[in-house]
Structure formats: structure tokens, C-alpha cells
Amino acid sequence: MRQSLPAPLHSLLFQLDEIGLLIQAPDSSAVPQTVQQHTLLVITSGCGQLNINGESVPLSSDKCWLLAPGASYCLENPEMPLYYYLISFSAIRTGESPEFYRQDLLSGRCELIVHPFSRVVRLAEDLLSARDSQGDDVQHFRQQLRFQELLLLLFEHNYSSRQSPSPAQSVESTVQYLQEHYRESITVKQLAELANVSLWQYTPIFQKLTGKRPLEYLTELRISHSKIYLLESAEPLREIARLVGFADEYYFSRRFRQTTGVTPGQFAGAQRPKLTVTDWTGHLVDIPERPRRIVYHGETLGDLLALGVKPVGGDESFSQNSVYKHRIKKLANVGFPLDPKLAHSLNPDLIIVANPDEKLYKRISGVAPTLTFDSFAPLERRMRILGSWLGKQHEAEAWLQSYNAKNAAMWQRLYSGILQPGETASALFYDHGNHLFAMGMSGLSSALYAPGGLQPTAEIQAILDQELGFAEVDPAKLHTYAGDRIFMLIPQREDSRAAMELLLASPLWSSLPAVRKGHVYLLDGGRWNYGDAMTRERLLTLLPRLLGGQQGSA
């Protein structure tokens, strides 16, 4: 049966019904959904597969899909959290008897193409902000106008007129062909044949229409599209060259400079919108408004992953045994301490380093805009700072809201049947041989002392008051550091592990109340002694399992 053509846009009115920013955790059970209204899926972070009416397509950030009422979809994201706006709206067909229009708005098309995609994201953010504010009718009307602006942007890039060109417009039709097939290898002879015009006539007609010769027009078209990729994507130069139809990045760079007067990198640096921020140690830095190629050097890389941001480079020593190591298989190692040459080879547009060393900062900041970051800061503060730097404010708030609700529910369940009010805890580990440390503001203890959780001992509270990530413990004073629950983190160094085993076999250890009650938990320090968002989320599952039994390990 032949599918009917969509109704003309001039016969339709559109009404925004609902908008929300949703988070889908990685590896979560994907449940098919059936939409009851026209629906936009605007993906801002993450990757995976999207199944629409049984057909699977690749899913990635900065993509948008339009679904008609009755369509079913399912999102699968095994590697990273998925953030997306879900926008539902009604279409009303006007006429003598107005009615809801439930057919496709674009014939045979679900995925929408639009450049720059950042405009779509900004409009969606504005719509969400307006929804969250309690406004009057005028504000509601303003929100509807902003929604019409979003639809106009999408339709301008994706709606095709059904009028057929006249014979006199045959050469002009090849201009449209060039705009749609600029990635392909195209010759003037091919264009003349498409227009059914002789080769000697084609170029003068084309030049009269556009002011340029055909291949000159094609080159500038490719350069124009490359500018969008340079500003909006994290792709390396060689991939951008391929995406716009150039044989290699060197030829692309040469033609780009001939056309614009600057290199692709200079263009991206000068044209990309800037945001001026102050970092941890007081530097005032101009950074890209939405950085795409980020090098992150610190132990809380999981914070970025929780926001749906995958850095291009980092320090593998912080992540090689982490709970999220399978999600960063392509992360380039930039060494420890950070090697400026390795960082430069990744062509980053932003470097974030969890180190206040000013000498290191001066070496790195010449590579790309660089920000120092306090990885010992509380989780909420870190997520909001990163959200403001990376253009992920809404994602940060959505993640925190979800996490805080799950964290509160976990501790409530534990205190209702397992823990007693006021119970204390301590996280201990050996490092640098036989040196014993208690965790303070960083690592596992940040999860243990979260709101509603366990309490620090008085000695550990003193460490927290000094805003220290950890502090060395005199074994002779271990009783004052040891809480009602002890989490001993197994070190990776052999000498430190030997020192730990010596302590566990000692009378001092056996005398601790937590040991006598079996309230000791051994955990892999390389996996669990982190306070990043991804590890904190996984601990919501691990802690009830450990605390629900007697002596345990993980």
C-alpha cells in the first residue's frame, strides 16, 4: 500500500506538551517505549544503539530523531551514561474541522540533520529551564514561541519541497546535488550530464548562477562544512577531511588555508565561542564553550564519564583497575606526571589537571587552555564545576538528583535493619611500603561519610576538618582511628601488601572491637579507593552487600 505524503507544514499548528532531560545508566535493561505524541529525541551525551520500530541505527551525541505517534523505540548504551532530551508535542491540522494530526511530519525520515547542533541543545536547555520555572501565561506563550523556533530550525534543514524544477532550472538543480553529495568524488562532466547540458555550456551557466566555477564552488562547500565539524565535533583533522570529501588532511589543510587565510586549528580556536572561568588555583582562563577534545589528568576521571564526556587522553595509572576501565579502552595515556608532548599530540581543546603545581601548569598551558581542578572537593561541587566548564550543567544536576535519591534510599535501608545510629567507620590502607594511612576527603571514605551515611571517628574528623585527602596513621594509635566498621583497602604494591598482612596477623589488630565483631571489609584498593562519580554509583550496590553480611571482601 502506497504511503500517503505528509501534510504541508502551512496546514499544521504545533503545541509543546512536555520536555525532560533523562539519564539512562550504562548496561541498564532497555525497555521498548511507544510514543503517544510526536516526539523528539535529542541526544546530548553518550553512545550506543537506537532501535526504532525494529530497525537498529548507531546512537551518538549531537543527534536528533523525530518519531510519529505510535512509533516504538529502545535505547541501548552498554558503555556510557546516556543523556537525552525527550520532547513531546501535538500537531493540529487546521481547516473547517481541526483535528490532531498523527502521521509522519517528514516522509520516511526519523534522523534529523542540523548544523550547528549546539543551537538545538541551547533551545532545548531554554525550554527545560522555562518548564522548571513557575510562570504566568505570557511566560508559557514565550516557551511555545521558543519551541516553534526549535521546530523551524529542524524543518529548515530537513523539510523537502515537492515542487519539481522546470527545465530552465536544470543547472541550478545540480547546485542542490553538490550540496547533498559534496563528500563524493565529483567531476564537471558528471554535473553536466546530470543537468543534461553540454559540457561547454555548463560552466558558464553555473558561474552565472553562483559566481564561482563548479570545482571552486565544491571546494568552498567542503570548507564550509568542515568549519562546522571543527567547531562542533571532537573528530581529529584526518577524519574531518574524510567527512567533507578531501583525500587527506594535508591537502585539506592547504585548501582550507588558501580559502580562509588561516589553518583549521587557528580557525577553530578563533571562532569557537569562549567561556571565561576561574580554576581551582585562581587562573582566569578562556576555554571553548563546549570543549570536544579534553585531556583529563586526575583520579576522578569517572566524574566526566558520568556526565557522558569521554576524554581523549588521561593517566592510565588512575584508571587501569577502575570500575569504569572497560569504558575507556581508547583513552590515550599522557603519562604521570603529565607529559606536554604526549598531550600536544592529541590536539586537545581543553586540559584539566588535578594538580596545583604552578611549574607544571606553565608547561602544560602552552599546549591548550588548561584548568586546575580540586579532585578532593565534595562530589556535588566537582560535578557542578565540571558541568559549568563543559556545557553540561543540566546533565550535572540531573545526575546529582538521581544519585542523591539512590544514596539516601540505600542508607535508609541499611539503618532500618543493619546499622545502628551513630556508627563510625574508617577506611585504611598501606602505601609506600609500611606506611599506614587513613582516608579523609578522597577515595572510599567520601562515600562512607556521605549525607545519611556512617560517621568518621574523632581522629578522622580532624583530617576532614583540615580538608586533607588522607593522613598517615601511627599504628600505635590505631585504636583511635579505627571505627565501628573498618574498610581495609588492599594495596597493589607488594611491600605494602606484606605490611598490611603483618598488621592483620598482629595482636593489635585482633584487639580492635570491629575485628572482634567481624565488622571488617577487605576491598581492592586499586578498584574501590576512589571518590569519582562512577565509583560512587557502583558503591551503592557494593556497600549493602558488604554491610549486610559479616566479614567480607571485594
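The following exchange goes through several descriptions of this predicted model and the values on which they rest.

User: Why is strand β18 called largely enclosed by the rest of the structure?

Analyst: Strand β18, which covers residues 424-431, has 8 residues, and 7 of them are buried, so the strand is described as largely enclosed by the rest of the structure. Buried here means a relative accessible area under 20%.

User: Which strands pair with β18, and in which sense, parallel or antiparallel?

Analyst: With strand β20 (residues 455-456) the pairing is parallel and runs over 2 bridges, and with strand β22 (residues 485-490) it is parallel over 5 bridges. Strand β19 (residues 435-439), by contrast, pairs with β18 in the antiparallel sense, over 4 bridges.

User: What makes the link between β18 and β20 count as a pairing?

Analyst: The cut-off is at least two bridges between the strands, and β18 and β20 have 2 bridges, so the criterion of at least two is met. Thr 424 stands opposite Gln 455 of β20.

User: Where does Leu 428 of β18 find its partners?

Analyst: Leu 428 stands opposite Met 488 in β22, and in β19 its bridge partner is Ala 438. The hairpin formed by β18 and β19 has 3 residues between the strands, and in it His 432 takes a positive phi near 55 degrees.

User: How do you know that β22 is largely enclosed as well?

Analyst: The reasoning rests on burial, because 5 of the 6 residues of β22 are buried, and the strand is therefore largely enclosed by the rest of the structure. As for its partners, Ser 426 is bridged to Ile 486 in β22, while Ile 486 also stands opposite Val 520 in β23. Strand β23, residues 520-524, pairs with β22 in the parallel sense over 5 bridges.

User: Why is Ile 460 called buried?

Analyst: Its relative accessible area is 0%, which is to be set against the limit of under 20% for a buried residue, so Ile 460 counts as buried. Ile 460 is found in helix α17 (residues 458-465), and, not counting residues up to four places away in sequence, it touches Ala 425, Ser 426, Ala 438, Met 439, Tyr 449 and Tyr 481. The C-alpha atoms of Ile 460 and Gly 483, which are 23 residues apart along the chain, are separated by 9.4 Å.

User: What makes Ser 319 a buried residue?

Analyst: Ser 319 has a relative accessibility of 6% and therefore counts as buried, the limit being under 20%. This residue lies in helix α11 (residues 316-319). Leaving aside neighbours within four places in sequence, Ser 319 is in contact with Tyr 324, Lys 325, Ile 328 and Leu 331.

User: Why are helices α14 and α15 called roughly antiparallel?

Analyst: The axes of α14 (residues 379-390) and α15 (residues 393-417) come within 7 Å and cross at roughly 160 degrees. That angle makes α14 roughly antiparallel to α15, because angles over 145 degrees are assigned to this class. The crossing of α14 and α15 is right-handed. Among the residues that make the contact are Leu 379, Met 383 and Gly 387 of α14, together with Ala 396, Trp 399 and Tyr 403 of α15. By class, the contact of α14 with α15 has 6 nonpolar, 4 polar and 3 charged residues.

User: What makes α3 and α5 roughly perpendicular?

Analyst: Helix α3 (residues 170-181) and helix α5 (residues 199-210) pack at an angle of about 75 degrees, with their axes 9 Å apart. That makes α3 roughly perpendicular to α5, because the class spans 65 to 115 degrees. The contact includes Val 171, Val 175 and Leu 178 of α3 and Tyr 202, Ile 205 and Phe 206 of α5. Sorted by class, the contact of α3 with α5 has 7 nonpolar, 2 polar and 1 charged residues.

User: How do you know which strands are the edges in the open sheet with the order β2-β7-β4-β5?

Analyst: This open sheet of 4 strands has antiparallel pairing, and its edge strands are β2 (33-34) and β5 (55-60), each of which pairs on one side only. Strand β2 is joined to β7 (residues 72-76) by 2 bridges, and the two run antiparallel. Thr 34 stands opposite Ser 72 in β7.

How values were computed
Residues numbered from 1 in each chain as written. Predicted model: local features only at pLDDT ≥ 70, side-chain atom pairs only at ≥ 80, totals over all residues. Heavy atoms only, no water. Buried < 20%, exposed > 50% of the residue type's maximum accessible area, 1.4 Å probe, protein only. Axes fitted to C-alpha atoms, helices over the stretch in contact; angles between N-to-C directions. Parallel < 35°, antiparallel > 145°, perpendicular 65-115°, else oblique. Left-handed = near helix turned anticlockwise from the far one by under 90°. Contact = heavy atoms within 4.5 Å. Nonpolar A, V, L, I, M, F, W, Y, C, P; charged D, E, K, R; others polar.
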